[in-house]
Amino acid sequence: MKPVKAALTGLLAIVAALAAGHLVAAFVGLSASPYLAVGNAAIDLTPSWLKDFAVTAFGTYDKAVLLTGMALVLAGIGVAAGLASRNSATPGSVVAVVLGLVGIAAVLTRPDVGQLALLAPIASIAAGLWVFRRLHRQTEEDGSRRDFLVTAGLAVAAGVAGQLLGNRTDVEGSRRAIGDLTPKTKAPEIPVGADFVKDGTPSFITSGDDFYRIDTALSVPRIRAEEWALRVHGMVERPMVLTFEEIRSRDLVEETITLTCVSNEVGGPYISNANFVGIRIGDVLREAGVKAGADQLFSTSDDGFTAGSPLDHVLERGLIAIGMNGQPLPAEHGFPARLVVPGLYGYVSATKWVTDLNVTTFAKEQGYWIPRGWAARAPIKTMSRIDRPRRMGKVQGRTVVAGTAWAQPKGVAKVEVRADGGPWQEAQLGADVSDSTWRMWRIEMDLRPGSHTVECRATDKTGYTQDQARLDPVPDGATGWHSVTFTVE
Ligand SMILES: Nc1nc2c(c(=O)[nH]1)N[C@H]1C(S)=C(S)[C@@H](COP(=O)(O)O)O[C@H]1N2
Ligand SMILES: [Mo]
């Protein structure tokens with residue numbers, strides 16, 4: 001067989017296998033798609049150092065990079081298997097079966113699929129073998145180019161159909177049916193002067209589209225509110241199950257809360273602020289009756305992600321949120337419901353698509369990130385960030401330095417700024433909205449033309465000033481003063 005034909009045979013067999021698996025997965029749960037399952041399993045198995053590197057190098061594009069990398073590796077395997085099968089179909093068939101077994105193993109690691117999920121990788125093996133052997137035989141008989149094209153077309157169609165059908169759950173319809181969420185207790189109006197957008201700070205409230213996003217799963221769980229329920233169990237007197245309607249018909253509260261990610265480097269972007277609408281976890285757990293000895297609320301997502309939060313902290317301030325900025329939660333931010341706990345980093349508190357609350361102990365359960373090197377207890381650290389001037393930016397005229405500071409749930413009392421290691425100067429603070437939110441700041445500085453470096457540091461309402469020592473995000477959040485170098489013209 002000609003090398004090009006041989007290579008194409010292997011490549012097409014792989015594409016067909018993945019597409020068939022993806023199509024079947026549309027009916028048994030998209031996370032059963034061998035391609036996604038292998039990707040998700042790889043994410044779960046990735047050692048922390050590699051994951052940290054990926055986040056540093058690619059930011060939130062890390063998943064696109066992973067999926068592209070997998071596609072290239074698989075294409076390479078397909079081509080190699082095809083070339084190795086120029087004289088006999090056996091090598092390619094063996095590769096198809098081995099890859100299929102990898103797919104089965106990956107699907108078995110997925111927490112969010114049922115037993116039927118295995119049908120997807122099985123379909124992949126069948127399609128891969130069938131296409132490979134068929135095209136292989138055809139080329140030997142000098143089969144037509146048409147067969148290759150038809151196979152390629154069918155495979156692409158199956159893959160696209162799988163993607164469309166797999167996402168057919170009408171989440172947007174479910175969100176629309178819920179409509180606006182009107183809390184009984186509204187969050188206080190955001191006063192004028194809470195931010196300094198003109199000077200370069202973020203706007204005080206972050207819109208859903210601009211809100212930062214951190215997910216371990218490759219595809220966003222798609223759940224309709226009508227089909228969702230939250231189980232409350234573990235060390236409680238009266239286990240309960242809450243439906244969306246039951247939550248909605250309770251007295252809803254609204255709170256402005258700033259979410260913060262532990263992976264944020266000093267000066268990093270993973271922080272956003274919204275008006276969250278929901279009910280207090282404390283009310284629910286008091287109804288359920290927490291038993292003595294429990295110290296952890298262990299929450300589980302539909303996608304298998306888990307987080308463990310200190311129970312006392314959650315009882316005091318945690319929300320089961322069903323809305324964000326007046327609307328039902330966006331799908332990417334946890335629709336139908338998520339947890340939000342001011343003062344704890346997201347990985348130990350903010351479970352999206354939450355379906356299970358287990359009242360337990362830290363000794364008994366570990367959240368997703370804990371065996372991966374992150375701390376089990378992670379209160380948010382007092383921090384500040386310079387947003388303007390930008391790094392290596394140019395400033396004309398008077399220098400205005402502006403940024404944001406946060407110390408949930410203590411609140412920010414003071415932000416100081418200094419230029420070129422000089423004396424600290426106190427910045428003007430934005431209106432004090434809530435101790436659970438960030439606080440914007442600005443300061444005008446008299447700087448001569450030339451290069452300058454400014455630094456900032458925040459002091460919270462307990463009187464604690466943010467640490468100067470530079471620490472990495474692992475294991476419980478970065479510390480250090482953010483500094484920015486720029487030129488005054
Ligand atoms: N199901 C699920 N919930 C999750 C995560 C996740 O990966 N999966 N990431 C957590 C982390 S690390 C953070 S910082 C916040 C981010 O919430 P956001 O994506 O709405 O900004 O969600 C938390 N909840
Ligand atoms: Mo995070």
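Two worked exercises on a predicted model follow.

Residues are numbered from 1 along each chain as its sequence is written, and side-chain values rest on heavy atoms, with hydrogens and water left out. Because the model is predicted, local features need pLDDT of at least 70 and side-chain atom pairs count only at pLDDT 80 or more, whereas totals for chains, interfaces and linings use all residues.

**Exercise 1.** Determine whether Thr459 is buried or exposed, and describe its surroundings.

Solution. Begin with the backbone: Thr459 belongs to strand β18, residues 450–460, where strands are DSSP runs of E with at least two residues, and helices are runs of H or I with at least four, numbered from the N terminus. Next, take the relative accessibility of Thr459, which is 8%, so the residue counts as buried; buried means under 20% relative accessible area, exposed over 50%, and partly exposed in between, with a 1.4 Å probe and protein chains only. Finally, beyond the neighbours within four places in sequence, the contacts of Thr459 (heavy atoms within 4.5 Å) include Val412, Lys414 and Tyr464.

**Exercise 2.** Compare the expected span of helix α4 with the distance between its end C-alpha atoms, and find what its buried residues pack against.

Solution. Helix α4, residues 62–84, has 23 residues, and the expected span is 1.5 Å times one less than the number of residues. This gives 33 Å, and the end C-alpha atoms are 33 Å apart, which agrees. Then list the buried residues of α4, which are Asp62, Met70, Leu74, Gly78, Ala81 and Gly82; these pack against α1 (3–28), α2 (34–45), α3 (48–58) and α5 (90–108).

Note on methods:
Chains are lettered from A and ligands numbered from 1 in the order in which they are written.
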